[in-house]
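User: I want the reasoning behind the labels on this model. Take me through them one at a time.

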Amino acid sequence: MSKLIPSAAKFLAGNTITKVTAPVVATNAKYSTKKEATFEIKPYKLHKLDQGPATSATLTSEDALKLYEQLTILRRIETASGNLYKEKIIRGFCHLYSGQEAVAVGMRAAMRDADSVITAYRCHGWTYLMGVSVLGVLSELTGRRTGCSRGKGGSMHLYGRNFYGGNGIVGAQVPLGAGVAFAHKYRADGGVTFALYGDGAANQGQLFEAYNMSKLWDLPCVFVCENNGYGMGTSVDRSSASTEYYTRGDYVPGVWVDGMDVLATREAARFAIEYCNAGKGPLVMEMETYRYSGHSMSDPGTSYRTRDEVQEVRQTRDPITSFKEKILNHELVTPDQLKDIDAKVRKEVDEATKQSKTEPEVGIEELSADIYYKNLEPFVRGIHPAAPLKHLEVQPRNH
Amino acid sequence: MALKSSPAVLGMLTRLSRRSFATSKALASKPVTVRDALNQAIDEEMERDEKVFVLGEEVAQYDGAYKVTRGLWKKYGDKRVIDTPITEAGFAGIAVGAAFAGLKPICEFMTFNFSMQAIDHIINSAAKTFYMSAGTVPVPIVFRGPNGAASGVAAQHSQCFGAWYSHCPGLKVLMPYSAEDAKGLLKAAIRDPDPVVMLEDEIMYGIPFPMSDEAQSKDFVLPIGKAKVEREGRHITLVCAGRGTDTALKAAEQLAGSKGIECEVVNLRTIRPMDFDTIARSIAKTHHLITVEQGWPQSGIGAEICARVMESPSFFELDAPVWRVCGADVPMPYARTLEAHAVPGPADVVDAVTSVLGNKISAVQAQ
């Protein structure tokens with residue numbers, strides 16, 4: 001389908017890819033599965049490291065199904081988001097993650113309960129992976145009461161347990177992430193923080209400040225550069241004097257990872273957690289990936305790159321298609337199992353999408369809710385002196 | 001009291017107190033400098049709560065650029081008193097991130113002038129996150145340091161941020177005047193679950209104030225959002241904060257002595273949330289108001305107070321227009337005489353009081 005209607009391709013990624021590949025592999029699978037298989041990983045590039053992540057990965061059939069489900073659900077969330085935006089139900093900004101799913105899904109698979117994440121505004125998928133329901137994500141995007149920030153944050157300000165956003169200021173999340181890592185070390189709770197940023201933010205000054213202090217203080221912080229090739233519409237070559245982002249921590253060791261391979265990102269995150277937990281300080285990881293959509297919904301993404309380029313990535317490097325082929329070819333899963341997952345994911349996201357349109361927004365009394373944890377004035381000033389707003393405590397407090 | 005002393009005596013007192021308080025605890029009857037009061041507050045709160053830590057430039061081994069954190073590194077060690085590189089955006093961001101994760105950072109800016117390098121983290125990261133997360137991510141952090149004009153340090157190092165930070169919902173903004181203010185407000189700020197900006201004043205650091213037994217106890221905390229009437233009076237209200245309070249009190253002293261004018265001096269202590277009730281009560285009594293601050297006039301703290309008066313029944317209590325006594329609308333010059341004319345002194349307040357009470361407003365404006 002995507003080959004036939006290139007202009008529509010960017011909005012239809014989810015369906016298209018599964019449909020194209022499924023019939024081909026179905027003939028090989030014969031409905032029998034193996035319990036596990038081992039895969040080679042595209043070699044990592046190392047910076048100031050003697051040893052990198054494991055170059056082969058063992059995958060169980062159970063994990064294969066789980067990873068596949070997460071990859072597809074992330075893709076579907078973004079397809080739904082794109083549609084909701086076009087229906088003008090999502091307002092303002094909306095930045096889609098389609099094409100980059102393997103970065104988040106693989107890393108999440110390696111993370112433990114104690115670990116934490118902070119990312120930029122391309123955060124819908126991460127929010128889901130950190131435990132917020134599809135409805136919690138989508139209805140935040142539509143600004144409804146069931147949103148994980150009750151509709152008060154919007155698409156760039158989603159939070160969850162051990163998940164500190166969702167940040168709309170390019171680069172700001174990186175020192176914040178180092179601060180979360182500081183807290184892990186201060187408490188000695190064994191947690192590691194993943195602070196994600198794009199190739200655009202990679203040139204922000206405050207990153208280098210954060211690298212420096214993290215290294216000085218051996219913070220358990222993994223700086224993850226998701227290099228999708230473009231910071232808004234400026235290609236990496238036009239923005240960065242060095243595009244080897246994994247080396248740009250200088251004295252902070254780094255790893256280049258194929259960010260389109262969910263097993264590579266999983267092994268890299270495992271390595272990073274072990275590295276940080278051993279008290280060796282921070283690490284930089286560059287995940288080379290690609291975004292199918294424009295920077296945000298207002299960007300068709302075609303003036304600074306060609307449609308052919310996007311199509312080529314979709315056809316040769318798509319993180320979902322390639323993973324699907326792998327696990328089918330190795331007979332870890334059957335086509336039917338994947339079809340079941342596709343159906344389940346579709347149902348879940350469709351239902352959440354529907355509900356995210358029908359849920360109401362929070363009442364106007366929440367305009368002045370939870371501005372302060374401990375509010376000291378009963379009323380907040382409204383638009384004019386005769387329209388005071390009562391400060392409400394909606395979120396329970398531990399007074 | 002120190003306020004009545006000449007500058008020479010004051011300086012001597014400062015040096016004496018520095019020496020004595022470096023090694024021994026202050027006694028109830030003895031004066032305590034603002035610097036030592038701040039130091040006590042941090043020390044006591046660090047002792048009380050393991051989650052409290054200090055970071056900033058020169059806070060540890062150097063003992064603080066202005067010695068506010070003196071002795072704390074020796075007592076609490078590297079883990080809890082942390083020297084940072086001179087990179088405000090980075091360390092303010094790290095401090096806010098640590099607060100996201102539940103610690104209680106005290107982030108010192110060597111002076112608030114440098115907080116502009118980090119203002120994104122104060123506003124966008126600290127002030128707004130609790131609201132954006134619908135109350136799920138509290139940010140219990142204190143940003144503190146000297147604010148406003150010091151002496152002879154020129155434009156980039158002489159600026160009041162009271163108006164800047166108090167503009168922003170999500171922040172609480174404190175401006176202590178005395179040693180009691182400094183200790184009680186800083187302890188309150190550290191215990192507060194919201195982001196607090198504590199605007200101190202370098203020139204006040206060395207000034208000793210008498211401190212009551214109560215104020216010296218470890219349980220002494222002042223309420224955030226409450227003003228203090230420093231001096232009762234019936235003719236005119238002077239609303240001020242921080243070093244402006246020093247200026248207003250000196251002017252009130254002169255006016256009482258020379259002209260029999262009784263000024264009521266309201267020390268705001270907190271700029272946000274602002275205790276307008278106390279201001280309104282005072283206006284109802286004196287029917288005249290002047291605001292005194294170090295910052296620039298436009299959109300300043302005085303401008304905010306004027307606006308609140310205009311919007312409230314206090315307007316009808318006024319017998320004359322409100323005046324602002326504030327920093328001149330110029331970047332701070334270096335030369336001594338120019339500098340002296342850029343920030344308000346007691347004589348300026350005396351002039352303003354005389355004008356407002358004499359209803360000479362139209363004459364002045366006609367010039």
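User: Where does B:Glu58 sit, and what makes its phi worth flagging?

Analyst: This is a predicted model. B:Glu58 lies in the loop between β2 (52-56) and α3 (72-76) of chain B. Its phi is near 65 degrees, a positive value in a residue other than glycine.

User: Why is B:Glu58 called partly exposed?

Analyst: Burial needs 20 or more other C-beta atoms within 10 Å, and exposure means 12 or fewer. B:Glu58 has 17, so it is partly exposed.

User: Which phi does B:Asp63 have, and why is B:Asp63 called partly exposed?

Analyst: B:Asp63 is not a glycine, yet its phi is positive, about 75 degrees. It is also placed in the loop between β2 and α3 of chain B. The count for B:Asp63 is 19 other C-beta atoms within 10 Å; burial starts at 20, so the label is partly exposed.

User: How do you know that α2 of chain B has the span expected of a helix?

Analyst: Helix α2 covers residues 34-48 of chain B, 15 residues. At 1.5 Å a residue, taken one less than the number of residues, the expected span is 21 Å. The end C-alpha atoms are 21 Å apart, so the two agree.

User: What makes α2(B) mostly covered?

Analyst: 11 of its 15 residues are buried. Among them are B:Val34, B:Leu38, B:Ile42 and B:Met46. Charged side chains are on the list too, including B:Arg35, B:Asp36 and B:Glu45.

User: Why is α5(B) described as largely enclosed?

Analyst: 10 of its 14 residues are buried, so the rest of the structure largely encloses it. The buried residues include B:His121, B:Ile122, B:Lys128, B:Phe130 and B:Tyr131.

User: What covers those buried residues of α5(B)?

Analyst: The cover includes α7 of chain A, together with α4, β5 (142-146) and β7 (196-200) of chain B. After α5(B) comes B:Ala134, with a positive phi near 55 degrees.

User: How many residues of chain B are in contact with chain A, and which elements give two or more of them?

Analyst: 38 residues of chain B are in contact with 34 residues of chain A. A pair counts when the C-beta atoms lie within 7 Å. The elements giving two or more residues on the chain B side are α4 (88-100) and α5 (119-132). α4(B) supplies the largest share, 10 residues. By type, the chain B side holds 20 nonpolar, 14 polar and four charged residues.

User: Which residues touch the most other members of the largest nonpolar core?

Analyst: A:Met285, B:Leu238, B:Ile290 and B:Val353, in a core of 221 residues. Leaving aside neighbours within four places in sequence, A:Met285 is in contact with A:Val222, A:Tyr246, A:Val257 and A:Ala272, among others. In soluble globular proteins, nonpolar side chains tend to be buried together.

User: Which peptide bonds are called cis?

Analyst: One joins A:Gly165 and A:Gly166, with omega about 25 degrees. A:Gly166 is in the loop between α6 (134-141) and α7 (173-187) of chain A. Another runs from B:Arg272 to B:Pro273, with omega near 0 degrees. B:Pro273 lies in the loop between β12 (270-272) and α11 (276-286) of chain B.

User: What is the pLDDT of chain A, and where is it below 50?

Analyst: Chain A averages 92, and 92% of its residues score at least 70. Over residues 1-30 of chain A the pLDDT is below 50. That stretch still has 44 contacts in the model beyond near neighbours in sequence. Where pLDDT is low, the predicted coordinates should not be read in detail.

Conventions
Residues are numbered from 1 along each chain as its sequence is written. Chains are lettered from A and ligands numbered from 1 in the order in which they are written. This is a predicted model: local features need pLDDT of at least 70, side-chain atom pairs count only at pLDDT 80 or more; totals for chains, interfaces and linings use all residues. Two residues are in contact if their C-beta atoms, placed from the backbone, lie within 7 Å. Helices (H or I, at least four residues) and strands (E, at least two) are DSSP runs, numbered from the N terminus. pLDDT is the predictor's confidence in each residue, from 0 to 100. A nonpolar core is a set of buried Ala, Val, Leu, Ile, Met, Phe, Trp, Tyr and Cys residues joined through C-beta atoms within 7 Å.
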